[in-house]
Amino acid sequence: LKSAAGRLRDLSLRGFVVDAELAMGCAPSSNIDEGEIDPNARSLGQWTGAMEDVPIEPPADMGVVGNCLICLPEEAVRVYGIVPNIDDKGDSKKRLWFGRVWQLQALALRRYRRDVLSKSKPLTQEEKRRIDEALQDPAKRALADKMQRMWKGAVQRRTSSLRSVLTPVAYHPTAMAGTVLFMHGSGGMTYNNVRYARTLAGMGFLVIAPDSMAGGEHRRRDLAGIIKPSDPTPYWGDLGLYTSDAQGELTYSTQAEAVVKEPEKWRQLYEKVFAHRSAEMHWILGRLPQQMRVRGVFIMGQSEGAMSVARFDDRRYGAMIRGRIISAFSVEYCYFTPTREAATFGGCPEVATLNLIGDADQFFGPIDSVALTVCKQKHVGGWGADNFTGNAFKEMKRKKLRRGLVCVMEGAKHDPSETHDNFLRDVLRAFLASPSDCHRIYEYFRQDPYLYSKCTIQEEDREGGGIRQLMKVGQMDLPSETPYTRELVIRSGGYHKGQKLQATRGHALHKLIEAHTGNFPKGTDVV
């Protein structure tokens, strides 16, 4: 009976559990040719050999986790052994990967079936006979059925968790610099939301972006096919992840006139949106591999996602939250925050916070924005702060965040990358390297005369402990389309205060770097 039960367990495992086990890339230890898997990486699921394409046909029910978008940095792409399908700005070749969790799960399962199941020995006639005999006993059959139900439950739990699919990189010492949980804006993962993901992955961070548009009950868009390695992936265009407009009760496009006309309707809408996005964050953060949690996670959002990150109560996660980044939201009492109590930071004040916003933001800026317009119409249904500033510094001071930096970019709109893309890379790189030192970023920039000349500390607050800064960032001399590496080279060519950065500076160094890294498109000169 023990022998038969052991074989039944093996069959249950192969029929149900391995779909989840191998969906996370973990390599079972039995019946594997030692020449196919790195023996030092067996427990990590690190597959070696030729890179291969991920599957393109989605399963029937992908769920919240399966529909999550993932942007893998270059080293993580190699760990998974998959063909990169996307590049960062200025790259001469694709080196990142952008897709959905279900694709990684399906890839691991395909590999398992090919490399393990196909080489497993089939049951012998004697083994089949002994199993059949054992199952004639009702008690033994009931026990076997119970065991299979337990394995099925294990499958369901594991496939609904990111612990499985991210195990290969979570336990790899160099697969990533860290993890960023990114919350997209009200339109989904489009335009600068994807640009942020590419920027972060280009810096070595693994980006997890739950997609609230992926077939949810309250808000949805039809999904396009996956990105193939041969597909064009323009940095300044939309990747086309959706094929329809958004539908559902949580779909909106804010107009000041509409908000003032039906204030209660919009208050309730925005509160439901926050509850929905907050639940997404809790779901993901509660289902990460242990080593990802040990190393910590940054939470970042754009627009609606930024509002969600700002209000999110992250206190239950303690030191796991390394920092929060709020882009294109001012964290003030305005139309996007139904009550005064909602218009603040909802998480731990010890978490270092970076606020990125333009002074020309059409929705939350201090000049002719939707938020300011609604604030000025309190007599007819509007609401908002009397002293609306268009940035989070006032609220950082009120809540006495231990470390906070607000960057207000001159001339930048709701998508700050259009005018300040390379500055965003500068400040994100500095913040992610040492979030608790964000108050010293201006000092760090002193080593780059051009960058330093564009920044001014307008106010610093130390009352009640901690350090919070408001930094004004001027307009950039070079267009945002300039590849980041190229701009760094141009800056190094020599800069003097009061002069405009010249695009032809650093020409010789640019050519040298191009020759050694191949990071610039061939046949091109400095912008």
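Amino acids are sorted here into three classes: Ala, Val, Leu, Ile, Met, Phe, Trp, Tyr, Cys and Pro count as nonpolar, Asp, Glu, Lys and Arg as charged, and the others, Gly among them, as polar. Welcome to this predicted model, in which local features need pLDDT of at least 70, side-chain atom pairs count only at pLDDT 80 or more, and totals for chains, interfaces and linings use all residues. Residues are numbered from 1 along each chain as its sequence is written, and side-chain values use heavy atoms, with hydrogens and water left out.

**Pockets and cavities**

Let us begin with the empty spaces. Rolling a probe the size of a water molecule over the atoms shows where empty space is left. On a 1 Å grid over the protein atoms alone, a cavity is a set of points where a 1.4 Å probe fits but cannot get out, while a pocket is an open set with protein on both sides within 12 Å along at least five of seven lines; lining residues have an atom within 4 Å of a point. Grid points are joined across faces, edges and corners, and a volume is the space filled by probe spheres set on the points.

| Space | Volume | Nonpolar, polar and charged lining residues |
|---|---|---|
| Largest pocket | About 600 Å³ | 7 nonpolar, 13 polar, 5 charged |
| Second largest pocket | About 470 Å³ | 11 nonpolar, 6 polar, 3 charged |
| Second largest cavity | About 60 Å³ | 4 nonpolar, 3 polar, 3 charged |

In the largest pocket, 25 residues form the lining, and S186, G187, S303, F363 and H414 lie nearest its centre. The second largest pocket has a lining of 20 residues, with P59, D61, M62, Q105 and T159 nearest its centre. Two or more residues of that lining come from each of α2 (63-66), α4 (101-115) and α6 (138-159). These element names follow DSSP runs, numbered from the N terminus: helices are H or I with at least four residues, and strands are E with at least two.

The structure holds 2 cavities of 30 Å³ or more. Among the residues lining the second largest cavity are N192, Y235, D421 and R425. Both α8 (192-202) and α15 supply at least two residues of this lining, and α15 gives the most, with 5 residues.

**A bent helix**

That brings us to α15 itself, which covers residues 417-433. Its 17 residues have end C-alpha atoms only 21 Å apart, short of the 24 Å that a straight helix would reach at 1.5 Å a residue; the expected span is 1.5 Å times one less than the number of residues. At F423, α15 bends by about 45°, the bend being the angle between axes fitted to the seven residues ending there and the seven starting there. Because 13 of its 17 residues are buried, α15 is largely enclosed by the rest of the structure. Buried means under 20% relative accessible area, exposed over 50%, and partly exposed in between (1.4 Å probe, protein chains only).

**Cysteines and a strand**

How many disulfides does the structure hold? There are 0, a disulfide being a pair of cysteine sulfur atoms within 2.5 Å. C438 is in no disulfide, and the nearest cysteine sulfur, that of C407, is 9.1 Å away. C438 is buried, at 0% relative accessibility. For C455, the closest cysteine sulfur is also in C407, at 7.1 Å, too far for a bond. C455 is buried too, with a relative accessible area of 3%.

Finally, V408 sits in strand β8 (residues 403-409) and is buried, with a relative accessible area of 11%. V408 and G390 are 18 residues apart along the chain, and their C-alpha atoms are separated by 8.8 Å.
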